[in-house]
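Q: Here is a model whose labels I would like to see justified, each value being set against the rule that it has to meet. Could we take them in turn?

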Amino acid sequence: MDKYNENLTDVKEIFRKGDLRAIPKPLLKWYDNNRRILPWREQPTPYRVWVSEIMLQQTRVEAVKPYFQRFMDTLPDIAALAEAPEETLLKLWEGLGYYNRVRNLQKAAIQIMEDYAGIMPDSYEELLKLKGIGSYTAGAVSSIAYGKPNPAVDGNVLRVIARIRKDDRCISEDKVKKAVEKDLWEVIPKDRPGDFNQAMMEIGACVCIPNGAPHCEECPLRQICLAYEDGTQQQYPNKAKAKERTIEEKTILIIRDAELAVLHKRPAKGLLAGMYEFPSMKGFCTAEEVKEYLTENGLQVLRIQPLEDAKHIFSHREWHMKGYLIRVDELAPKKVGPDSADWIYIEPRETQDRYPIPSAFAAYAKGLSMQLGIPRTMF
DNA sequence: AAGGCGGGGAC
DNA sequence: GTCCCAGCCTT
């Protein structure tokens with residue numbers, strides 16, 4: 001018996017396992033009883049939905065929660081977003097990662113002010129023209145904020161669908177995602193497209209989970225699911241293995257005089273673009289090498305104190321770091337050395353509300369508030 | 001088609 | 001340690 005609902009009297013609603021047409025009814029019924037309360041689900045205006053979807057790209061719900069309301073309070077509408085200074089944007093995004101997202105968010109806000117009279121477009125095609133909006137986000141915004149029947153296919157949806165259909169195709173491939181989007185366009189309910197998309201993702205995040213065994217006993221789709229039928233859920237989805245990480249060694253310098261500390265703004269492109277960091281040296285350096293480097297850059301070193309080693313893991317890279325807390329005589333405005341020309345001198349407390357520093361430096365950012373009260377006898 | 005781009009939680 | 005997250009952009 002491979003009909004999941006042969007007891008229904010309406011013949012039109014009888015489907016084989018793996019048929020996506022069978023999804024909407026049980027899914028929406030489950031969603032009505034199990035949807036999470038999330039900040040962006042209250043008053044789902046186009047702007048709120050859009051900002052939340054950008055924040056949620058490759059980022060878990062729990063990570064986004066503390067960022068969303070603060071962002072909305074600071075930049076309550078598209079006009080405010082379009083005019084915000086870059087440092088304000090990066091500070092609001094600090095710790096969330098993928099910082100190009102917020103720069104693209106602003107570029108899109110400017111597009112909307114200039115090309116759409118300040119109104120977020122409602123069609124899938126127009127949304128796709130905005131910076132930072134791809135097929136997933138165009139589907140999410142158009143369906144959740146505007147009620148348009150477009151699918152929003154993310155990693156959750158790809159996993160749920162792959163298991164339901166026992167689909168061996170690699171979900172990392174563009175064509176597979178496109179095919180799933182096309183299939184969902186055929187079955188997405190026209191009366192509740194936003195809820196359907198959110199419900200699919202909710203199932204993926206809470207029931208048909210990415211790590212570990214899925215909670216099939218509580219899944220409203222288990223009678224439709226081909227993988228559940230033979231217990232092969234964990235074999236899906238098929239996905240390409242992640243590339244190996246390369247290791248990079250660095251020496252981080254917390255340079256201070258009596259009042260100020262040194263930061264450096266990273267280049268506008270590449271890793272952690274536009275974020276602030278401490279000056280650093282390539283490789284693991286000794287205190288003597290650090291002193292030599294700083295002297296070349298016109299500083300008189302009074303003390304060098306080793307800090308604890310630290311490690312930070314990115315997707316495709318690892319930083320292994322040594323650190324030194326360095327007291328210099330005076331951070332002169334005169335820029336002399338090869339690197340110090342790009343340094344900025346700040347009051348340590350300014351990192352709290354002004355300069356965005358990525359999490360990679362968290363272990364050393366503490367050095368900004370450390371007292372430098374080491375007895376002179378140590379030197 | 002492939003690589004770059006953060007950070008953290010779950011196992 | 002590994003996996004992967006409400007993906008998108010560039011090359």
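Q: Why is Asn297 called buried?

A: In this predicted model, Asn297 has a relative accessibility of 3%, and because buried means under 20%, Asn297 counts as buried. Asn297 lies in the loop between helix H13 (287–296) and strand S5 (301–313).

Q: What makes the pair formed by the side chain of Asn297 and the backbone oxygen of Tyr293 a polar contact?

A: A polar atom of the Asn297 side chain lies 2.9 Å from the backbone oxygen of Tyr293, and the cut-off for such a pair is 3.5 Å, so the distance falls within the limit.

Q: How do you know whether Cys219 is in a disulfide or in none?

A: The structure holds 0 disulfides. For Cys219, the nearest cysteine sulfur is that of Cys208, 6.3 Å away, whereas a disulfide requires two cysteine sulfur atoms within 2.5 Å, and therefore Cys219 is in no disulfide.

Q: Are Cys219 and Cys285 called buried or exposed, and why?

A: The relative accessibility of Cys219 is 10% and the relative accessible area of Cys285 is 8%; since the limit for buried is under 20%, Cys219 counts as buried, and Cys285 is buried as well.

Q: What makes a space inside the protein count as a cavity, and how many cavities of 30 Å³ or more are there?

A: A cavity is a set of points where a 1.4 Å probe fits but cannot get out, and by this rule the count comes to 2 cavities of 30 Å³ or more. The largest cavity holds about 90 Å³ of space, and the second largest has a volume of about 40 Å³.

Q: Which residues line the largest cavity, and how do they divide by class?

A: The lining has 15 residues, and those nearest the centre of the cavity are Arg163, Cys208, Cys216, Cys219 and Cys225. By class, 11 of the lining residues are nonpolar, 2 polar and 2 charged, and the largest share of the lining, 3 residues, comes from H9.

Q: Which residues line the second largest cavity, and where do they come from?

A: The second largest cavity is lined by Leu158, Ile161, Ala162, Asp167, Arg169, Ile171, Val176 and Val180. Two or more of these residues come from each of H9 and helix H10 (174–187), with H9 giving the largest share, 3 residues. The lining divides into 6 nonpolar, no polar and 2 charged residues.

Q: Which residues are closest to DNA strand C, and which helices supply at least two residues of the surface near the strand?

A: DNA strand C is surrounded by 27 residues, the closest being Gln58, Gly132, Gly134, Thr137 and Asp154. At least two residues of this surface come from each of helix H2 (46–56), helix H8 (135–144), helix H9 (155–165) and helix H11 (193–206). The surface near the strand has 7 nonpolar, 10 polar and 10 charged residues.

Q: What parts of DNA strand C lie within 4 Å of the protein, and why do some of the pairs count as polar contacts?

A: Of the strand's atoms within 4 Å of the protein, 66% belong to sugar or phosphate, and the rest belong to bases. A backbone N or O atom of Gly132 is 2.6 Å from a phosphate oxygen, a polar side-chain atom of Asn156 is 2.8 Å from a sugar or linking oxygen, and an N or O atom in the side chain of Tyr136 is 3.3 Å from a base nitrogen. Because a polar contact requires a pair of N or O atoms within 3.5 Å, the pair made by Tyr136 meets the rule at 3.3 Å.

Note on methods
Residues are numbered from 1 along each chain as its sequence is written. Chains are lettered from A and ligands numbered from 1 in the order in which they are written. This is a predicted model: local features need pLDDT of at least 70, side-chain atom pairs count only at pLDDT 80 or more; totals for chains, interfaces and linings use all residues. Side-chain values use heavy atoms; hydrogens and water are left out. A residue is near a molecule or strand if one of its heavy atoms lies within 4 Å of it. A polar contact is a pair of N or O atoms within 3.5 Å; within protein, one must be able to donate a hydrogen and the other to accept it, and residues adjacent in sequence count only if both atoms are side-chain atoms. Helices (H or I, at least four residues) and strands (E, at least two) are DSSP runs, numbered from the N terminus. Ala, Val, Leu, Ile, Met, Phe, Trp, Tyr, Cys and Pro count as nonpolar, Asp, Glu, Lys and Arg as charged, and the others, Gly among them, as polar. On a 1 Å grid over the protein atoms alone, a cavity is a set of points where a 1.4 Å probe fits but cannot get out, and a pocket is an open set with protein on both sides within 12 Å along at least five of seven lines; lining residues have an atom within 4 Å of a point. Grid points are joined across faces, edges and corners, and a volume is the space filled by probe spheres set on the points. Buried means under 20% relative accessible area, exposed over 50%, partly exposed in between (1.4 Å probe, protein chains only).
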